[in-house]
Structure formats: C-alpha cells, structure tokens
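Subject: Structure handover

Hi,

Here is the structure I promised to pass on to you. Please open it next to this message, and my notes follow below.

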Amino acid sequence: MSQLSSGICRRLNEAPQEEIDQLASGHTVQLLSIKKVAPTSSSTTATDRFRIIISDGVHFVQAMLATQLNDLVANGDINKNTVVVIDKLACNFVQDKRLIIILDLHVVSRDEEKIGAPTAPPSTQDAPAPAVVEAASSSVASPAISSSTGQTKQPQPQPRTGPSGRGGRSVYPIEGLSPYQNNWTIKARVTQKSEIRTWSNQRGEGKLFNVTLMDESGEIRGTGFNAVVDELYEKFEEGKVYYISKARVNLAKKKFSNLQNDYELSLEKNTEVEECLETTSVPMMKYNFVELSSLEKLEKDNTCDVIGVVKEVGPLGEITSKATNRTIPKRDLTIVDMSQYSVRLTLWGKQAEQFAADDLSVVAFKGVKVGDFGGRTLSMVSSSIMSISPDIEEAHLLRGWYDGIGTEKNFQSHTSGSSGASFGGFNRNEMRHLSDVKESQLGMSDKAEFFSTRATIMHIKSESISYPACPTQGCNKKVVDLGSGWKCEKCDKTFERPEHRYIMSMAVADWSGQAWLQGFNEAGLAVFGKTADEVHEIKERNEAEYNALMAQASGVTFNFSCRAKQDTYNDQTRVRYGISRITSLDYREEAKHLVDLLKSPWAQ
DNA sequence: CCCCCCCC
C-alpha cells in the first residue's frame, strides 16, 4: 500500500495564496474520482476538462487536470484509485473560491484500493473552498462538491490575499484565467503573432491583430483592435515572453481556434505588456495533435494541429481568388502519419514559394484549417504555424516509425467521402465492378454517391460530343449563334467564336457488365487527346477522319471516378453516372496495387 | 468589433 502525503489536502485548502507555490510539488495522493466536466463544444476531445478528487488518506480536495494531461485519462494511465505524485500544481483564486490545477504528475501505482476514509477538510473562515469549474459558460461556480461522504460545502467569503510572485505581481496560470477575476498577471510566450488585418463590413471598419500566448499551464488567444494595434503590435515579438495584465477575458469562439481555452483575451487601451527576460519556465510551443485518420470527425473550418511526414511536395502553383481576383502562390504537400492516413495540406503565399524542407521531413502544423474538398484537406491560414523537424517527442516518434516501418506502408487518403468530387489520386477503396454498382443501387437514394471503376470504352455516342461554350474563364455556359457572333446570356457578352467543350455519353464495360457514363471536358480531353475545338473542326472538315477518331477511342481502358445520382427526364427516373475524374492506366501503379493486395491481411 | 485566408 502506498504512503500518501497526509495533510497536503488540508494545506491546499487552507494555505494563503502566497504560500501555495511552496506546496507545489512532490506530494503523493490518491485519485478518488476523475470526471469529465460539461464540455463546451460538441465532440472534440480538445476541450475536455477533467475534475479530479485527490485524497491524502485523511482529507480530499478537488482539482482540475491541466488539459495537456488529458491523454493520461484517455490512455487509461490514471484512473479511479490511482496513486500519483503531483510534480507541479498551480492554485488560482477566483472570487471566493480556489482552483487547484494539476500541471504535472507521475503514476506511483494503479491497482490500489481506496486508502483510508478521507473526508472533506474542515472549512475555515480564512480559506476559500476549492472551486468547481463546470464549464466556460457557468457564471457561478457550483458550491457543492460531490464526495463519498455526501458532504457539501458552502462557498466561503474570499479574503483578499495580497498579490504574490515576482515584484508584487500575482502571476496566474493561463489555464486559470476567467472573466470572474481581475488583478491578474500572466507570464506568457508569444507563440504566434498575426499580420495587422483590416476589415470593413456593415458594422463598421477597423484593424486588428492576434497573438497566441502560452505558459506551462495552457494557452490563450489575444486580440487587439484599432488604437491598441498602434500601441501594442510592435511591442509583441514572436518567441518572446511578457508579463501581461489588465486585459479583458471573454468567451472564445471555438470555431475559429483550436487553442485549449474557453476564453480569449481582448487587449485594451490600458492593458499592460512588459517583456520578461526570465523565460526558462515558459515552454516554446504547445500542440494538440490529431491523427490524420480522425480528420473526418472534425467539422469543416475547424482548426487543428497535425504532425506528419511530408511524403510529397507539390510544384509551386498559383490560383486566382474569385473574390478578389488576385493571384496567390500555392503549394500542396501530402503528409502522412502513424494512423496510416495521408492528407493534402496547402501552403499559401511566401510559405508556398519558400518551402524548402528536405524530402520526407517531419513537419508539425499548428492551427491549420480543415477543408472538405473531396473528403478532407488542410490549409494553412494566417494564424497557422509550420515547424519543420521540430525537436519534440511526437516528431522523434514519427521519425522512428516512418524510417522503420512507415516507408513500406500504404496510406489511406481522405479523398473518398460523399461531399464532393474525387481529388488527386485514384481512390481504390471506392473501386467497384460495374455489376456491383448496379446491384448495390448506388445513386438510387436522394443523394449523390461516389464510386471508382476501371472500365473499357466500348462506344461513344458520336452524333454530338461537344457544345459551343462561353470562352470566359469559368463560365462554360452554352452560347447562342447570332450569325454575327456568339452570345453568352450569363455574361451578357458576344464573342467572335465560341470555345467548344466536350459533353459526351459513352458506353463502358468491364468483365461484369456495362454502363453509360456522362463525360465533360476533362473526360473528352483524356479520351481524344485533343481539345473539343480541334475535334469539332475535324468533324466539320472531314467526316471520315472524325469517325476514325471515334473508332480509335474505343477499346481503351481508363480508371474512372464517378458520381451516381438519380434524375428524372420525361417522367422517367433513372440513375446517371457522371465522370468526375478519368485517368489513363499507369501499369506500374496498377501492378503496385496488385502487390499491395497480395500483401494485405485478407489475402494471406 | 475579427473569424477573410483564396483554386480544384
């Protein structure tokens, strides 16, 4: 049986604020209960908070587990009756309550019985009872603590203990900040500082910037508006540590940040910021990594932290923003992790241009945004941080795994899904035979369904394979021949000549059956190797040559990604299969896939 | 008080 540090619970409950620091570590306690407190947002584990009742065998008190220790609960490392040594804690005085936060601990033993018959410590006039933090939205902490003895405690009046810590400052852990307290100072590292951004909408206009502030207990986002931008923007430097006080604590909007904090700071005109040169106790960066396999559980537009091996570095490209018409450099990376998933991650601007990691580097990303194009994608945003080969445990683990066995692995991509067209590589997991597509009635429900298939073109309806389209980039609407020119109703413009685009219907077959697929411009280009304009011109000029072209296209095999969807035409409802992607067979890839199949568990 | 972050 373990020896507990009897007396510590009572002391934690009674010690004045300035003495708590001396109680901060080395105590052996038993965890009587670990309970998740009401989460503030739906399903993410990132925001879970655990309330723990710790016992010294005589008394028990409540504490919160710092969120960076949540894994201990998730992994089952700590449990009811686990005996641990608290290596670090912080106590935080909130109005008439005190809030104990366990910052670090290690397990002494697990399979223990409950030790002793601990009771709630006697209440004292001088010491506030431990706070119960229910959730971000609770405006008043619950006065009750649950316990095996069924006792409850009433909140005690809060004695105003004087500020402690360096130079008369009361340094609070970020984790303990809440709107219900003033006179705090945090000591935090700026891990990220945004550009100054301006906005203009119905409610007005202005400018702002964000910083991410971090200490050993947690992190919080700070925002400064307008005049505060002028005041503080230059003062903050990424990587430096500051004492910050007199900022307002507001509820955070979770959708726009994955920081583990229910609150954020509004930096005000009178907010005090002073650089602190003693920085050793403040860690450099905090991550809350999610596995790539679990990205589908996150909603679009959430942000997350991921760490992966950069398996592919795409070429530098650029896109033209539809909203602003500006061109923006971009580069796609494909990253993979130990969950054996891969995902595309897009870099923008300078980061896209200057990306220069070695092949197969481990790269950590903080605060990247989740997209749902063809499944799941990730994108850097202004508040994201990319760190190449970071010196952190997760990076070393991943490095070792990848170099050891990861190289040989196949990675599942996030490109199936039912949310959009297929992207990138051909998705073999959605591979169906044509008979299977029909038998399983894909597309017979109300929503579109997606599948891939390898099939051979048997016949192309050759009477009409293209239409005259508007040449405006991205319009593609059919234009009307006015005799004097071609008019686009949508663009309200007349053009000297149209740009033909493919629209074709073709019969394809595999060993199991056949189907009619609808193909558009991309499909025509792949099948004929010519633009629709060129083929149109051939058709006008030389019927025999056109027919030869059609004949040539038959008998060729492609991989198709298709969208199956019901539609009704002339009172007849049927499923149509649209080609969303078509690729020529790459025999090397096909053979590799066959080898993978042979190696897969169900082939053994 | 922002929360846009672009394209397929």
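Arg588 sits in helix 11, and with a relative accessibility of 73% it falls in the exposed class because the cut-off for that is over 50%. Please keep in mind that this is a predicted model. Arg588 is also one of the members of a positive surface patch, together with Lys311, Lys592 and Lys599. Which helix gives the most to that patch? Helix 11, spanning residues 587-599, does, with three residues.

Next, a look at strand 11 and its partners. The strand covers residues 219-225, and Glu219 lies in it. Glu219 has a relative accessible area of 4%, so it is buried. The side chain of Glu219 has a polar contact, at 3.1 Å, with the side chain of Lys366.

Arg221 is in strand 11 too, and it pairs with Glu264 in a salt bridge whose closest N and O atoms are 3.8 Å apart. Glu264 belongs to strand 14 (residues 263-267), so this salt bridge ties together parts that are 43 residues apart in sequence. Are the two partners buried or partly exposed? Glu264 is buried, at 14% relative accessible area, whereas Arg221 is partly exposed, at 21%. The cut-off for buried is under 20%, which means that these two values fall on either side of it.

Asn226 is found in the loop between strand 11 and helix 4 (227-232). The phi angle of Asn226 is near 45°, a positive value in a residue other than glycine. As background, most residues other than glycine have a negative phi. Asn226 has a relative accessibility of 33% and so counts as partly exposed.

Leu360 is another residue to check for its backbone. Its phi is near 60°, again positive in a residue that is not glycine. Leu360 is placed in the loop between helix 5 (349-354) and strand 20 (362-371), and at 31% relative accessibility it counts as partly exposed.

Now for the charged pairs. Side chains of opposite charge can pair when their charged atoms come close. How many salt bridges does the structure hold? There are 24 salt bridges in it. One of them joins Glu175 and Arg49, with 3.8 Å between the closest N and O atoms. This pair links distant parts of the chain, 126 residues apart: Glu175 is in the loop between strand 7 (171-172) and strand 8 (185-193), while Arg49 is in strand 2 (residues 49-55). Both Glu175 and Arg49 are buried.

Lys240 and Glu237 also meet through their side chains in a salt bridge, at 3.3 Å from N to O. Lys240 is partly exposed, with a relative accessible area of 28%, and Glu237 counts as partly exposed as well, at 40%. Coming back to Arg49 and Glu175, salt bridges with shared partners join these two residues and Asp262 into one network.

One last residue for your list is Met504, which lies in strand 30 (residues 504-510). Is Met504 buried or exposed? With a relative accessible area of 2%, Met504 is buried. Its C-alpha atom is separated by 6.8 Å from that of Ser466, and the two residues are 38 residues apart along the chain.

Best wishes

How values were computed
Residues numbered from 1 in each chain as written. Chains lettered and ligands numbered in written order. Predicted model: local features only at pLDDT ≥ 70, side-chain atom pairs only at ≥ 80, totals over all residues. Heavy atoms only, no water. Patch = residues over 30% accessible without salt bridge, like charges linked within 9 Å, V, L, I, M, F, W, Y side chains within 5 Å. Areas by Shrake-Rupley, 256 points an atom, 1.4 Å probe, with all protein chains shown as cover. Salt bridge = Lys/Arg side-chain N within 4 Å of Asp/Glu carboxyl O. Lys, Arg positive; Asp, Glu negative; His and termini not counted. Charge placed at Lys NZ, Arg CZ, Asp CG, Glu CD. Helix = DSSP H or I, 4+ residues; strand = E, 2+ residues; numbered from the N terminus. Buried < 20%, exposed > 50% of the residue type's maximum accessible area, 1.4 Å probe, protein only. Polar contact = N/O pair within 3.5 Å; in protein donor to acceptor, adjacent residues only side chain to side chain.
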